[in-house]
Amino acid sequence: MLAAVLLGACANLAAPGAGGDERADPSKDGGRLAVESAIEYYHFVRQLEPAELEREREVLAVGVGDPLNQLLQAIALACPPGNNIPRALALLAVVDASTRPAAVALRPLARLLADQFAEQQRLETAAQSLTRQLERTGQHLKESRRHARQLEEKIEALTEIERTLPERPAAHAAPPPPPTERRITR
């Protein structure tokens, strides 16, 4: 499938304009077809199993260094699992900076993908941070539960000690003195 996409896109880049219009710019038609091929490849590679995705990455890695191959390689590298977004962003930057006609046609797509992949990387970083925070919170919760169990055990032990103590005899207190009467004399 990859070979068909690459060959079709490369053939489309070299194909003359449709309809015999001499004013038509073949590089624009080829660029449009390359973009369409890249978008189709994007949807294709998202559906691959991890082993198939790894094979695609290997095939693209040994491919030629033309802008379309670099763009496709960036797409494959950005797919989870085992994605390598920094490498994908670097490849897209190469396509964006290239002055080759094939790269110029792919620039808008390369920029769009770079924005998407940067956002994906930001979200993955945030998710990892939240996961670490959740793990720490879970650890604190376990420690709090353990501490609460220890305190309950201590309270139960004190209650048991209190039950086993003999009752204290009531202390005989002297009755309070009667109130003194005072006579008010006038």
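Helix axes are taken here as lines fitted to C-alpha atoms over the stretch in contact, with angles running from 0 to 180 degrees between N-to-C directions. The structure is a predicted model, in which local features need pLDDT of at least 70 and side-chain atom pairs count only at pLDDT 80 or more, while totals for chains, interfaces and linings use all residues. Residues are numbered from 1 along each chain as its sequence is written, and side-chain values use heavy atoms, with hydrogens and water left out.

The secondary structure consists of 6 helices and 0 strands, where helices (H or I, at least four residues) and strands (E, at least two) are DSSP runs numbered from the N terminus. Along the sequence this gives the pattern α-α-α-α-α-α. Of the 186 residues in the chain, 24% are buried; buried means under 20% relative accessible area, exposed over 50%, and partly exposed in between (1.4 Å probe, protein chains only). Contact means heavy atoms within 4.5 Å. Among contacts between residues at least 6 apart in sequence, 61% join residues at least 24 apart.

We can turn next to the packing of the helices. The axes of α4 and α5 come within 8 Å and cross at roughly 160°. That makes α4 roughly antiparallel to α5, given that angles under 35 degrees count as roughly parallel, over 145 as roughly antiparallel, 65 to 115 as roughly perpendicular and the rest as oblique. The crossing of α4 and α5 is left-handed, meaning that the near helix is turned anticlockwise from the far one by less than a right angle. On the α4 side the contact includes Pro 67, Gln 70, Leu 71 and Leu 77, and on the α5 side Ile 85, Arg 87, Leu 92 and Val 95 are among the participants. The residues of this contact divide into 11 nonpolar, 2 polar and 1 charged (Ala, Val, Leu, Ile, Met, Phe, Trp, Tyr, Cys and Pro count as nonpolar, Asp, Glu, Lys and Arg as charged, and the others, Gly among them, as polar).

Helix α5 also packs against α6, with axes that come within 8 Å and cross at roughly 155°. That makes α5 roughly antiparallel to α6, and this crossing is left-handed. Contributors from α5 include Pro 86, Leu 89 and Asp 96, and those from α6 include Arg 107, Phe 117, Gln 120 and Glu 124. Here the residues divide into 14 nonpolar, 2 polar and 4 charged.

The largest nonpolar core (buried Ala, Val, Leu, Ile, Met, Phe, Trp, Tyr and Cys residues joined through side-chain atoms within 4.5 Å) has 28 residues, of which Val 45, Leu 71 and Leu 113 touch the most other members. At least two residues of this core come from each of α2 (26-46), α3 (50-61), α4 (67-78), α5 (85-97) and α6 (101-164), and α4 gives the most, with 8. Beyond its neighbours within four places in sequence, Leu 71 is in contact with Ala 38, Leu 92, Val 95, Leu 106, Leu 109, Ala 110 and Leu 113.

Two individual residues round out the picture. Ala 76 lies in helix α4 and is buried, with a relative accessible area of 1%. Not counting residues up to four places away in sequence, Ala 76 touches Tyr 41, Val 45, Leu 53, Arg 57 and Leu 60. Leu 60 is 16 residues from Ala 76 in sequence and 8.4 Å away in space, C-alpha to C-alpha. Gln 120, in helix α6, is buried with a relative accessible area of 15%. Leaving out residues up to four places away in sequence, Gln 120 touches Arg 46, Ala 78, Pro 80, Asn 83 and Ile 85.
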